[in-house]
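Reader: Hello! I am new to this structure and would like a close look at a single part of it. Could you pick one strand and walk me through what surrounds it?

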Amino acid sequence: MEISKNCARQLLSIKAIKLSPNAPFTWASGLKSPIYCDNRKSLSYPSIRQFIRDGLVSIIKENYPDVQVIAGVATGAIAQGALVAEALNLPFVYVRSEEKKHGLTNKVEGVINAGDKVVVVEDLVSTGQSSLNAAHTLKDMGCNILGMVAIFTYNLPIAAQRFEESGITLHTLTNYDVLLPEAAKEGYIKEEEIQILNQWSQNPEQWAERFK
């Protein structure tokens, strides 16, 4: 738990995660959200980059000791996945959201074989759809998906449902529920704003209605 709290504080400190309950952000989907997360910023800070790498490596060693290949989800987790694979001295591949439009039209870049035991690395899990699409791409190639690791998840109910239905386990360094108390403690939000932020995670669409 201390590692999870520490990770949340570090992501807040470099503004990789921003919270704005009264002036929400607009996601690419059009959804209004009080949180915006860009974990790629962590790559610019060596100590935080190493902390995240070591944290993900520790999760993998503990939960998936038989892993043979690390797969990053493009584009946000390509660098994170490569760092993890390097630390574990394992092969690395990454999965595109769609086939390349030219050349070999690959959807998976790198060398991977049917039967390989794979751990998928993500930087962020929101609804879980794109993350699981990557895992299913590898599964369709005959790979054995041991599970997925990520830096952060919003803990949205739809994501939990999708992972449960897929039968794929997800372990994250930190998450939305851990983040909020740490953000209040560090002065990024007020204590009374935690309730507003919790309402969003329980029902994002309903929460966003107030800003239409």
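Author: Happy to! One definition helps before we start: a residue counts as buried when its relative accessible area is under 20%, and as exposed when that value is over 50%, with partly exposed in between. Please also keep in mind that this is a predicted model.

Let us take strand β6, which covers residues 92–95. Its side chains alternate along the strand. V93 and V95 point to one face and are buried, while F92 and Y94 point to the other face and are not buried. This is a pattern with a general background: in a regular strand the side chains alternate between the two faces of the sheet.

Now for the neighbours of the strand. On one side is strand β5 (residues 69–73), which runs parallel to β6 and is joined to it by four bridges. Within this pairing, G72 has Y94 as its bridge partner in β6. To get from β5 to β6, the chain passes through helix α3 (residues 78–88), and this β-α-β crossover is right-handed. Strand β6 also pairs with strand β7 (residues 108–109), this time in the antiparallel sense and over two bridges. Here Y94 turns up again, standing opposite E109 in β7.

What happens to the buried side chains? It helps to begin with the largest nonpolar core, which has 45 residues. L19, I35, I60, I70, F152 and Y154 are those with the most contacts inside this core. Helix α2 gives the most to it, with six residues. I60 touches P65, V67, I70, V84, L88, V119 and V149, leaving aside residues up to four places away in sequence. There is also a second, separate core of 21 residues, and V95 from our strand belongs to it, along with M148, A150 and I168 among others. As a general background, nonpolar side chains tend to be buried together in soluble globular proteins.

Another residue worth finding is L56, which sits in helix α2 (residues 46–63). L56 has a relative accessible area of 0%, so this residue is buried. Leaving aside residues up to four places away in sequence, L56 touches V84, V121, V149, A150, I151 and L173. L56 and Q80 are 24 residues apart in sequence, yet their C-alpha atoms are 9.1 Å apart in space.

To finish, let us step away from the strand and look at some charged side chains. The whole structure holds six salt bridges. One of them joins E182 to R9, with 2.9 Å between the closest N and O atoms. Because E182 lies in helix α6 (residues 176–185) and R9 in helix α1 (residues 2–13), this pair ties together parts that are 173 residues apart in sequence. E182 counts as buried at 2% relative accessibility, whereas R9 counts as partly exposed at 24%. E182 also meets K185 in a salt bridge, at 3.3 Å from N to O. These two both lie in helix α6, three residues apart, which is about one turn of the helix. K185 counts as exposed, at 56% relative accessibility. Together with E2, the residues R9, E182 and K185 are linked in a network of salt bridges.

Terms used: Residues numbered from 1 in each chain as written. Predicted model: local features only at pLDDT ≥ 70, side-chain atom pairs only at ≥ 80, totals over all residues. Heavy atoms only, no water. Salt bridge = Lys/Arg side-chain N within 4 Å of Asp/Glu carboxyl O. Buried < 20%, exposed > 50% of the residue type's maximum accessible area, 1.4 Å probe, protein only. Pairing = 2+ DSSP bridges. Right-handed = clockwise from strand over helix to strand, strands pointing away. Contact = heavy atoms within 4.5 Å. Core = buried A, V, L, I, M, F, W, Y, C linked by side-chain atoms within 4.5 Å.
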